Amino acid sequence: MKRLHLSIISALFAAILVSGFTSCASIDPFADGGYSSEMAVLGAITSSVQSIEKASETITPEEEYYIGRSVAASIATTYPVDQGSYQMTSYLNKICETLVMNSDKPYLYKGYYVVILDTDEINAMATPGGHIFVSRGLIDCTDSEDALAAVLAHEIAHVQLGHSVQAIKASRVRAAVSDTTKAVAVTGLVAANNRSGGLNLSEKEMEKVMEAVNVFSDASNEVVKTLVNTGFSKEQEFEADKNALYIMQSAGYDPYAMLDMLEQLEESPSNEGWGSTHPSPKDRIKKVNKELSAMAKANPAMKEAKQVRKERFNTEYEDYRIFEID
Amino acid sequence: MLFLVVICLSLPLMAASKAKTQYVAIDPAPLKAKPAASSKKIGSIEYASAVIVLQEEKSWVYVQLVDDKSVEGWLPASALTSKKIKDKANSTSANADEIALAGKGFNSTIEAVYAEQYEMNFSIVDYIESLGADQDEAIAFAQEGQLNDGGAEE
């Protein structure tokens with residue numbers, strides 16, 4: 001059972017990757033040849049009809065948060081979380097907070113948090129709970145604070161637009177009409193819980209808990225099916241880019257930095273391997289350009305302000321590189 | 001229900017036509033003195049609490065707590081949902097009914113079991129959640145970088 005569940009987790013993780021900033025990411029969620037056979041097995045592990053009826057209700061902010069936590073935990077099992085680069089991490093969090101406090105959704109159920117993944121891969125992603133991951137490879141792709149803000153604003157936009165949650169909702173509703181048996185999963189969970197006895201609950205209560213855990217597992221399954229096979233739609237990526245421009249603008253960042261960032265991604269040699277639904281940086285640049293031309297012209301003081309930020313970026317980045325262990 | 005009616009009747013006329021009960025979607029939601037994220041915090045409202053919207057300004061709303069009319073302040077409109085949220089069943093000693101209510105959901109009890117079953121390490125997530133910048137820090141950072149400070153007061 002455990003191995004199976006771990007593969008759910010890794011597949012879920014792969015799914016979430018699709019939602020990232022990652023047009024030039026080198027991870028290919030479709031490369032796992034064993035995936036479809038696993039999915040066939042996973043398809044059998046669905047919850048009771050009763051649970052699914054409950055699941056088809058709207059996901060609450062609290063659930064969004066806890067789903068986000070489990071997604072974050074999965075990401076952390078796949079990539080090393082950088083717990084050392086305190087300065088750079090703090091810098092990213094301040095950029096993030098500056099963006100969100102000027103946005104229409106300054107608060108989530110809990111909050112927004114940014115952490116660095118210690119990997120060369122160029123990647124960024126966000127959970128529905130506001131946990132934002134930025135890879136070292138992506139930080140190395142940026143050359144200014146405004147460019148970093150573009151990356152973060154894109155992820156914040158995915159969170160604020162509820163893109164990954166939309167996928168869960170849709171899939172949960174679909175689950176309700178699919179053939180369901182939960183016997184295998186429940187038996188495994190009951191046995192394991194009896195062994196662990198970690199929670200001081202009666203058997204009946206534990207059954208309820210396990211039912212809920214099972215439903216969560218279901219939702220994860222469905223997220224895997226939905227996101228791994230389809231990714232976020234082009235429209236959702238464009239929508240995130242567009243919203244990111246306005247988030248940047250209201251924070252006082254230069255929205256044109258989004259263009260610089262996308263151009264960097266386009267030039268990246270690892271810009272390949274994505275599904276047909278994932279828009280290319282080229283397409284995104286086109287759309288972003290169009291949106292930018294419709295936006296208000298930048299304040300004349302922007303250039304100078306941008307330079308101030310560029311300088312503090314340079315200082316932060318140098319420190320970050322010095323302490324980096326290769 | 002009766003309580004709600006009483007509150008509605010006691011509201012000023014301007015609110016009577018607009019008053020709608022909404023629910024707090026943030027845990028907890030900070031009440032602000034002015035409609036700006038970096039405005040002074042004057043209190044907070046717990047997750048799932050019912051509030052009435054008395055006034056709207058751009059993406060902000062001035063709310064009053066249904067259970068305690070003395071509690072008022074500004075919240076981002078995005079902090080509210082019109083769908084009634086069930087109270088959280090967060091404690092590990094939650095009774096069977098509470099857990100059943102949360103049956104579709106995912107809370108700390110569910111997470112604890114999930115973590116055990118799936119051998120997931122949530123302490124790393126707790127670490128990540130300790131990283132968020134606090135708002136005063138961000139305001140100073142924004143000002144230093146010639147950015148907008150979310151309408152912070154002098």
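So, A:I116 stands opposite A:V134, and A:V134 sits in β3 of chain A. That's where I'd like to start, because strands of a sheet pair through backbone hydrogen bonds, either parallel or antiparallel. Which sense do β1 and β3 of chain A use? They pair in the parallel sense, over five bridges, with β3 covering residues 131-135. Quick word on terms: two strands count as paired if DSSP finds at least two bridges between them. Helices and strands themselves are DSSP runs, numbered from the N terminus: H or I over at least four residues for a helix, E over at least two for a strand.

Before I go on, a caution: this is a predicted model, where local features need a pLDDT of at least 70, side-chain atom pairs count only at pLDDT 80 or more, and totals for chains, interfaces and linings use all residues. Residues are numbered from 1 along each chain as its sequence is written, while chains are lettered from A and ligands numbered from 1 in the order in which they are written.

Okay, back to the sheet. It's an open one with three strands in chain A, in the order β1-β3-β2, and the pairing is mixed. At the edges you find β1 (113-117) and β2 (124-126) of chain A, each pairing on one side only. From one strand to the next, the twist averages 20 degrees. Then α5 of chain A lies across β1 and β3, running at about 140 degrees to β1(A). For angles like that, axes are lines fitted to C-alpha atoms, for helices over the stretch in contact, and the angles run from 0 to 180 degrees between N-to-C directions.

How far can we trust chain A? pLDDT is the predictor's confidence in each residue, from 0 to 100. Chain A averages 73, and 61% of its residues score at least 70. Among its elements, helix α5 (residues 86-101) has the highest mean, 97, and helix α2 (residues 35-44) the lowest, 29. Over residues 22-57 of chain A the pLDDT is below 50, and beyond near neighbours in sequence that stretch has 83 contacts in the model. A contact means two C-beta atoms, placed from the backbone, within 7 Å.

Zooming out, chain A has 14 helices and three strands. Of its 326 residues, 54% are buried. Buried means 20 or more other C-beta atoms within 10 Å of the residue's own; 12 or fewer is exposed, in between is partly exposed, and those C-beta atoms are placed from the backbone.

Now chain B. Here we get six helices and seven strands, and buried residues make up 43% of its 154 residues. Take strand β2 (residues 29-32) of chain B: what covers its two faces? B:A29 and B:L31 on one side, B:P30 and B:K32 on the other, and they're all buried. That fits a general pattern: in a regular strand the side chains alternate between the two faces of the sheet. β2(B) pairs with strand β3 (residues 41-45) of chain B in the antiparallel sense over four bridges, and B:K32 stands opposite B:K41 in that β3.

Last stop, B:F141, which lies in helix α6 (residues 135-144) of chain B. Why does B:F141 count as buried? Because B:F141 has 20 C-beta neighbours inside 10 Å. And which residues does B:F141 touch, leaving aside neighbours within four places in sequence? B:F141 is in contact with A:K94 and A:T98, over in chain A.
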